[in-house]
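Subject: Structure for you to look at

Hi,

Here is the structure I promised to pass on. Have a look at it first, and then read my notes below.

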Amino acid sequence: MNSFVPRTAHKTLVVQLQAGGTGRCPVLAHLGYDAADPFAVTAVFSHDGRVLARWRLDREMLAEGLRGPVGIGDVRLSPVSTGVWEELRMEFYGDARSDGGRQHAVVFAWAPALASFLRETREIVPPGQEEVRVDDFLASVIAGG
């Protein structure tokens with residue numbers, strides 16, 4: 001039996017982006033997880049080879065968002081069910097606009113695919129077994145990283 005456990009997980013999903021009062025349009029979401037940063041999932045949204053946005057999301061918050069509404073700040077998650085289709089609604093609030101409002105986008109991801117990705121991350125680092133190398137973190141903060 002191979003006891004090798006990968007240190008990273010990656011998955012690319014087609015998600016639906018809704019921004020600026022428009023209808024939904026398909027974009028790619030490249031999800032990444034690295035055991036070196038065990039609490040975070042990186043989501044890079046792209047279309048036609050261009051990166052639209054990059055977010056670091058809390059892994060546990062993503063899992064909780066599949067079960068119920070979470071988030072009060074720049075990222076808010078909630079499950080959406082159409083009876084046949086299960087989605088995770090992800091609201092992202094960005095920088096302020098010149099009119100005083102904030103940039104806002106909503107992404108809809110197929111919930112079973114996201115749940116599958118989260119299971120992969122839990123095989124790499126089970127919840128409760130995350131380790132943070134404080135010395136490395138502090139060195140990064142001091143260096144401005």
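I'll start in the middle of things: leucine 13 sits opposite alanine 29, a residue of strand S2. Keep in mind throughout that this is a predicted model.

That pair belongs to the match between S1 (residues 8–19) and S2 (residues 25–34), which run antiparallel and share 10 bridges. Another pair to click on is alanine 9, whose bridge partner in S2 is tyrosine 33. The two strands make a hairpin, with five residues between them. In that turn, glycine 20 has a positive phi of about 60°. S1 also pairs with S7, again in the antiparallel sense, this time over four bridges. There, glutamine 16 has phenylalanine 108 of S7 as its bridge partner.

Now zoom out to the whole sheet. How many strands does the open sheet have, and in what order? There are seven, ordered S4-S3-S2-S1-S7-S6-S5, and the pairing is antiparallel. The edges are taken by S4 (50–58) and S5 (75–81); each has a single partner strand, so one side of each has no neighbour in the sheet. From one strand to the next, the twist averages 30°. Helix H2 (residues 111–124) packs on this sheet and touches S1, S2, S3, S6 (86–96) and S7 (102–110). The direction of H2 makes about 150° with that of S1.

Next, the empty space, which I guess you'll want to see. Rolling a probe the size of a water molecule over the atoms shows where empty space is left. Searching the whole structure turns up one cavity of 30 Å³ or more, and the volume of the largest cavity is about 60 Å³. Leu13 and Ala29, the pair I opened with, are both in its lining. Other lining residues include Val15, Leu31, Phe45, Met90 and Leu114. S1, S2 and S3 are the elements that give two or more residues to this lining, and the largest share, three residues, comes from S3.

There is also an open site to look at. The second largest pocket has a volume of about 340 Å³. Its lining counts 15 residues, and those nearest the centre are Leu52, Ala53, Trp55, Phe92 and Ala105. At least two lining residues come from each of S1, S4, S6 and S7.

Three single residues are worth a closer look.

Serine 46 first. This residue is part of strand S3 (residues 40–47). Is serine 46 buried or exposed? With a relative accessibility of 7%, serine 46 falls under the 20% cut-off, so it counts as buried. Its side chain makes a polar contact of 2.9 Å with the side chain of histidine 30. Leaving out residues up to four places away in sequence, serine 46 touches Val27, Leu28, His30, Val51 and Leu52. Leu52 is also one of the residues nearest the centre of the second largest pocket.

A little further along is aspartate 48, in the loop between S3 and S4. Aspartate 48 has a positive phi of about 50° although it is not a glycine. Its relative accessible area is 69%, so aspartate 48 is exposed.

Last comes tyrosine 93, on strand S6. At 17% relative accessibility, tyrosine 93 is also under 20%, and therefore counts as buried. Which side chains does tyrosine 93 reach through polar contacts? One is glutamate 91, at 3.0 Å. Another is histidine 104, at 3.4 Å. Tyrosine 93 and histidine 104 are 11 residues apart along the chain, yet their C-alpha atoms are separated by 4.6 Å. Not counting residues up to four places away in sequence, tyrosine 93 touches Trp55, Gly73, Asp74, Arg76, Arg102, Gln103 and His104. Of these, Trp55 also appears among the residues nearest the centre of the second largest pocket.

That's what I have for now.

Cheers

How values were computed:
Residues are numbered from 1 along each chain as its sequence is written. This is a predicted model: local features need pLDDT of at least 70, side-chain atom pairs count only at pLDDT 80 or more; totals for chains, interfaces and linings use all residues. Side-chain values use heavy atoms; hydrogens and water are left out. Buried means under 20% relative accessible area, exposed over 50%, partly exposed in between (1.4 Å probe, protein chains only). A polar contact is a pair of N or O atoms within 3.5 Å; within protein, one must be able to donate a hydrogen and the other to accept it, and residues adjacent in sequence count only if both atoms are side-chain atoms. Contact means heavy atoms within 4.5 Å. Two strands pair if DSSP finds at least two bridges between them. Axes are lines fitted to C-alpha atoms, for helices over the stretch in contact, and angles run from 0 to 180 degrees between N-to-C directions. On a 1 Å grid over the protein atoms alone, a cavity is a set of points where a 1.4 Å probe fits but cannot get out, and a pocket is an open set with protein on both sides within 12 Å along at least five of seven lines; lining residues have an atom within 4 Å of a point. Grid points are joined across faces, edges and corners, and a volume is the space filled by probe spheres set on the points.
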